Amino acid sequence: LSQLDLDFLLLPGDLTQHGEWVNHQWLIDRLKQLPYPAYVVPGNHDVNNTESVKYEGNRTISEPAANATDFESIYQAFGYGQAAARDPFSLSYVAEPVPGLLLFALDSNRYRENRAGHHPIVGGAFSDETLSWIHEQLETAKKTGKAVIVMQHHGIMEHYPGNEKFYDQYLVEDHEEFATLLGQFGVQLVFTGHFHAQDITAMEIESADGSSVHRIFDIETGSL
């Protein structure tokens, strides 16, 4: 990665196995060596994960995973410290990695619902408060004439027939409505990571006034 000619690097979640501190630190140590900025958002593996463990010989022992406050603190150098706007209801933020281009780094995870003794929640959704914040930020971007790209963990559209029927937890809740919201504000590129695959798919969105139609792309990426 250090040899690539990049303006910036996006990591749309699942940065660790189960949110273990040692794994977060492993990644941070390597991101610090890159000659270009990196921006992260959490995946369902990374925060409040009830399956976080450490190893002693051939035994696994449960230990606390990083929580939401920890995540924002330890990734200050990789998005949160560069944020022009922060959502008070999630780990979402807006940054400007290059002039005129806004990165909406959106936290679509449900880690607040994880409970000890239960499997962590895999699916994703935005709260009403976070959706309102996203809408406000899109309005601001439109008024200032800046382009927007989005990075989030959960997908915003199906990548193959039956995706929603058999693997709906890999799509953000109300994904069609959310894709339409982004598309109506002219967003064209959304980078997602939850399915741990490489694929690009698109859908056509009609503008709010019905005067035009354009495509929005869900660029599904691999995971660490």
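**Reasoning from values to terms**

Mentor: Asp 168 is found in the loop between α4 (163–167) and α5 (175–184). Please bear in mind that the model is predicted.

Trainee: Why is Asp 168 called partly exposed?

Mentor: Its relative accessibility is 47%. Buried would require a value under 20%, and exposed a value over 50%. The value for Asp 168 falls in between, so the residue counts as partly exposed.

Trainee: Which residues form the negative surface patch?

Mentor: The patch is formed by Glu 158, Glu 164, Asp 168, Glu 173, Asp 174, Glu 176 and Glu 177.

Trainee: What makes this patch negative?

Mentor: Its members are Asp and Glu residues, and Asp and Glu count as negative. The patch is therefore called negative.

Trainee: Which residues of α5 are buried?

Mentor: In α5, the buried residues are His 175, Phe 178, Ala 179, Leu 181, Leu 182 and Gly 183. After α5 comes Gly 186, which has a positive phi near 85°.

Trainee: Why is Leu 9 called buried?

Mentor: Leu 9 lies in strand β1 (residues 9–11), and its relative accessibility is 13%. The cut-off for buried is under 20%, so Leu 9 meets it.

Trainee: How do you know that Val 150 is buried?

Mentor: The relative accessible area of Val 150 is 0%. That value is under 20%, so Val 150 is buried. Val 150 has its place in strand β8 (residues 147–152). From Val 150 to Leu 11 there are 139 residues in sequence and 12 Å in space, C-alpha to C-alpha.

Trainee: What is noteworthy about phi in Asn 48?

Mentor: Phi of Asn 48 is near 50°, a positive value in a residue other than glycine. Asn 48 sits in the loop between β2 (38–40) and β3 (53–56). With a relative accessible area of 28%, neither under 20% nor over 50%, Asn 48 is therefore partly exposed.

Trainee: Where is His 196, and why is it called partly exposed?

Mentor: His 196 is in the loop between β9 (189–192) and β10 (199–206). Its relative accessible area of 42% lies between 20% and 50%, so the term partly exposed applies. Phi of His 196 is also positive, near 55°.

Trainee: How many helices and strands are in the chain?

Mentor: The chain has five helices and 11 strands.

Trainee: What makes the chain as compact as a globular protein of that length?

Mentor: The radius of gyration is 17 Å, and the globule rule gives 17 Å for 224 residues. The two values are close, so the chain is as compact as a globular protein of that length. Buried residues make up 46% of the 224 residues.

Technical notes:
Residues numbered from 1 in each chain as written. Predicted model: local features only at pLDDT ≥ 70, side-chain atom pairs only at ≥ 80, totals over all residues. Heavy atoms only, no water. Patch = residues over 30% accessible without salt bridge, like charges linked within 9 Å, V, L, I, M, F, W, Y side chains within 5 Å. Areas by Shrake-Rupley, 256 points an atom, 1.4 Å probe, with all protein chains shown as cover. Salt bridge = Lys/Arg side-chain N within 4 Å of Asp/Glu carboxyl O. Charge placed at Lys NZ, Arg CZ, Asp CG, Glu CD. Helix = DSSP H or I, 4+ residues; strand = E, 2+ residues; numbered from the N terminus. Buried < 20%, exposed > 50% of the residue type's maximum accessible area, 1.4 Å probe, protein only. Rg over C-alpha atoms; globule rule 2.2 N^0.38 Å.
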